[in-house]
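The exercises that follow are meant to be worked with the sequence and the model open side by side. Each task is followed by a solution that proceeds in steps.

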Amino acid sequence: MRLTTKGRFAVMAMVDLAMRGGRGPVTLAKISERQQISLSYLEQLFGKLRRNNIVESVRGPGGGYNLARPGSKISVADIVVAVDEPIDATKCHGEHNCQDGHKCITHDLWMGLNESILDYLQAVTLQHLVDESHNKRTPQVPTISLKKTIKPEIVAA
């Protein structure tokens, strides 16, 4: 499983927007220029972010985008899910029909990975990324333990 450019670019653009927040709307053209992301691609992403109440648009001269809520209330998971980025390591997309209509023998392993990834992305807020960026150091994001998702009966098998 890997995160595609859709999720990566959405998070980059949102961090850019959040870093300039509070000083009026930010245009997608400026985000495009700073982050070297296609303007048309950003328009698609921000349409989804707006529909999911992550950003608000301001029309007219001096318009652009603002965060719809504080950065401390927006997780990376919120952003990734809003742009329809699948967080799924299973072959069956969680439908339990991986192998001839039934759950495959590694289904629980991949579902556990999905849960861990989602937990991790939910633990990191947009504000956290902005704060770390202002400190000019490698982001120190929260760590999670995989022990909670590993079932003893799977390990014993």
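**Exercise 1. Establish the secondary structure of the protein and the order of its elements.**

Solution. The secondary structure of this predicted model comes to seven helices and two strands. Reading from the N terminus, the elements follow one another as α-α-α-β-β-α-α-α-α. Turning to the chain as a whole, buried residues account for 34% of the 157 residues. Of the contacts between residues at least 6 apart in sequence, 60% join residues that are at least 24 apart.

**Exercise 2. Describe how α1 and α2 are placed relative to each other, and state which residues make their contact.**

Solution. Begin with the axes: those of helix α1 (residues 5-19) and helix α2 (residues 28-35) come within 10 Å and cross at roughly 115°. Angles of 65 to 115 degrees count as roughly perpendicular, and α1 and α2 are therefore roughly perpendicular to each other. As for handedness, the crossing in which α1 passes α2 is right-handed. The contact is made on the α1 side by Met12, Ala13, Asp16 and Leu17, and on the α2 side by Ile31, Arg34 and Gln35. Sorted by class, the residues in this contact of α1 with α2 are four nonpolar, one polar and two charged.

**Exercise 3. Determine which residues of α2 are buried, how they are arranged around the helix axis, and what they pack against.**

Solution. The first step is to apply the cut-off for burial, under 20% relative accessible area; in α2, the buried residues are Leu28, Ile31 and Ser32. Viewed down the axis of α2, these buried residues fall within an arc of 100°, so they line one face of the helix. The next step is to identify their partners: the buried residues of α2 pack against α1, α3 (39-51) and β2. Ile31 is thus one of the buried residues of α2 and also takes part in the contact with α1. Finally, looking just past the helix, α2 is followed by Gln36, whose phi is positive, near 55°.

**Exercise 4. Carry out the corresponding analysis for α6.**

Solution. In helix α6 (residues 126-134), the buried residues are Leu126, Leu129, Val130 and Glu132. Because they cover an arc of only 165° around the axis, they are on the same side of α6. The elements that cover these buried residues include α1, β2 (64-67) and α4 (76-82). Comparing this with the previous exercise, α1 and β2 are among the elements against which the buried residues of α2 pack, and α1 and β2 also appear among those covering the buried residues of α6.

How values were computed: Residues are numbered from 1 along each chain as its sequence is written. This is a predicted model: local features need pLDDT of at least 70, side-chain atom pairs count only at pLDDT 80 or more; totals for chains, interfaces and linings use all residues. Side-chain values use heavy atoms; hydrogens and water are left out. Axes are lines fitted to C-alpha atoms, for helices over the stretch in contact, and angles run from 0 to 180 degrees between N-to-C directions. Helices (H or I, at least four residues) and strands (E, at least two) are DSSP runs, numbered from the N terminus. Angles under 35 degrees count as roughly parallel, over 145 as roughly antiparallel, 65 to 115 as roughly perpendicular and the rest as oblique. A crossing is left-handed if the near helix is turned anticlockwise from the far one by less than a right angle, and right-handed if clockwise. Contact means heavy atoms within 4.5 Å. Ala, Val, Leu, Ile, Met, Phe, Trp, Tyr, Cys and Pro count as nonpolar, Asp, Glu, Lys and Arg as charged, and the others, Gly among them, as polar. Buried means under 20% relative accessible area, exposed over 50%, partly exposed in between (1.4 Å probe, protein chains only). The arc is that of the directions from the helix axis to the C-beta atoms.
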